[in-house]
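Q: I have a new model on my screen. How do I read it, feature by feature?

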Amino acid sequence: MARVSLTPRRTFFFRIVEWYSKRTYGKVLDPGKALAHHPRVLWADLRFEQSVAKWNRLDPGLKALAEMTAAATIGCAWCMDFGYWVSRERGMAREKLLDVPSWRDSAAYTPLERDVMEYAEAMTLTPPAVEDDLAARLVGRLGEAAFVELTAMVAVENLRSRINSALGLTSQGFKDSCDVPGTQERTAPPQAVRHD
C-alpha cells in the first residue's frame, strides 16, 4: 500500500503529466502521482528521465536486464512490473524477463548478459560488492563508454527502485497486459535476490 496518497492536487502541471502518461502508457504512473505532491521533485525527475532516455552506448537489451536485476535485488514490485512491460514491448523474450529474480539458476542468458546482471546485483548491494575482474571483463566486452552507461543505469534504477519501494508503490498490472490471457504459466511474483 502506498505511503502517500496517489491523489495529488490536480494542478495544471499534473494534468499535463496525466495526459502524457495516459497517452504513452495507457494509465497514469503511480510514481508520477506520488511525486506530484512535490511538483519540483516531479519536474526534476521528468527532466532527468528525459535525459537518461537519450543515452545510447549500451545495448538496450543489456540495459533492460541491468535495470530489472537492480529492481529485483532491491525488491521493487512496481519497477519489476513496469520493466517487464517495457521490455516485452521492445521484444525481449518472456523467459528472460521472468527469470530475472533467479538469473543465476536460469539457462536463458548469454555469458555477457550474466556478467551484466552480476554487475547490476553487485553494484546494488549495500555496500556495493563489485569485483575488479568482473568490471574488467565488462570493459573489455562493452568498451568504456558502454560500461560507464551500464554503471549509470544501475545507479538510476537504484534511485527509482528505492524511491518507489520506500513510498510503498506496488504493481500497477503492466505485466498482466503483456501476455495473452490463458497462455502464461503460473509463476510466483518476483522476490528480491540478495547475496550477502
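The dialogue below goes from the overall fold to single residues.

Q: What should I keep in mind about the origin of this model?
A: It is a predicted model.

Q: Which secondary structure elements are in the chain, and how many helices are there?
A: Begin with the inventory of elements. Here the chain has nine helices and zero strands. Along the sequence the pattern reads α-α-α-α-α-α-α-α-α.

Q: Why does the radius of gyration agree with a compact globule?
A: Compare the value with the one expected for the chain length. For 196 residues, a compact globule would have a radius of gyration near 16 Å. This chain has 17 Å, which agrees. For the outline, take the box along the principal axes: the C-alpha atoms fill roughly 50 × 40 × 30 Å.

Q: How do I read the contacts along the sequence?
A: Look at sequence separation. Take the contacts in the chain with a separation of 6 or more: residues 24 or more positions apart account for 72% of them.

Q: What share of the residues is buried?
A: Buried residues make up 45% of the 196 in the chain. Then turn to the surface. The accessible surface is about 11,100 Å², and carbon and sulfur atoms hold 55% of it.

Q: Which residues of the largest nonpolar core touch the most other members?
A: Look for the hubs. This core has 31 residues, and Trp 78, Phe 82, Val 100 and Tyr 109 touch the most other members. Next, ask which helices contribute. H1 (12-25), H2 (30-35), H4 (60-74) and H5 (77-89) each supply at least two residues. H5 gives the most, with seven.

Q: Which residues does a second core include?
A: A second, separate core has 17 residues, including Ala 66, Leu 112, Val 116 and Met 123.

Q: What is Trp 78 in contact with, beyond its neighbours within four places in sequence?
A: Set the sequence neighbours aside, then list the partners. Trp 78 is in contact with Leu 29, Asp 30 and Pro 31, among others. Further along the sequence, its partners include Asn 164, Leu 169, Thr 170, Ser 171, Gln 172 and Phe 174.

Q: Is Glu 18 buried or exposed?
A: Check the relative accessible area against the cut-off. Buried means under 20%. Glu 18 has 12%, so it is buried. Glu 18 is found in helix H1. Not counting residues up to four places away in sequence, Glu 18 touches Arg 10 and Val 28.

Q: How many positive and negative charges does the chain have?
A: Count both signs, then compare their mean positions. The chain has 26 positive and 25 negative charges. Their mean positions are 10 Å apart.

Methods:
Residues are numbered from 1 along each chain as its sequence is written. This is a predicted model: local features need pLDDT of at least 70, side-chain atom pairs count only at pLDDT 80 or more; totals for chains, interfaces and linings use all residues. Side-chain values use heavy atoms; hydrogens and water are left out. A nonpolar core is a set of buried Ala, Val, Leu, Ile, Met, Phe, Trp, Tyr and Cys residues joined through side-chain atoms within 4.5 Å. Buried means under 20% relative accessible area, exposed over 50%, partly exposed in between (1.4 Å probe, protein chains only). Helices (H or I, at least four residues) and strands (E, at least two) are DSSP runs, numbered from the N terminus. Contact means heavy atoms within 4.5 Å. The radius of gyration is taken over C-alpha atoms; the globule rule is 2.2 Å times the number of residues to the power 0.38. Accessible areas come from the Shrake-Rupley method with a 1.4 Å probe; for residues, only the protein chains shown count as cover. Lys and Arg count as positive and Asp and Glu as negative; His and the chain ends are not counted. The place of a charge is taken as NZ of Lys, CZ of Arg, CG of Asp or CD of Glu.
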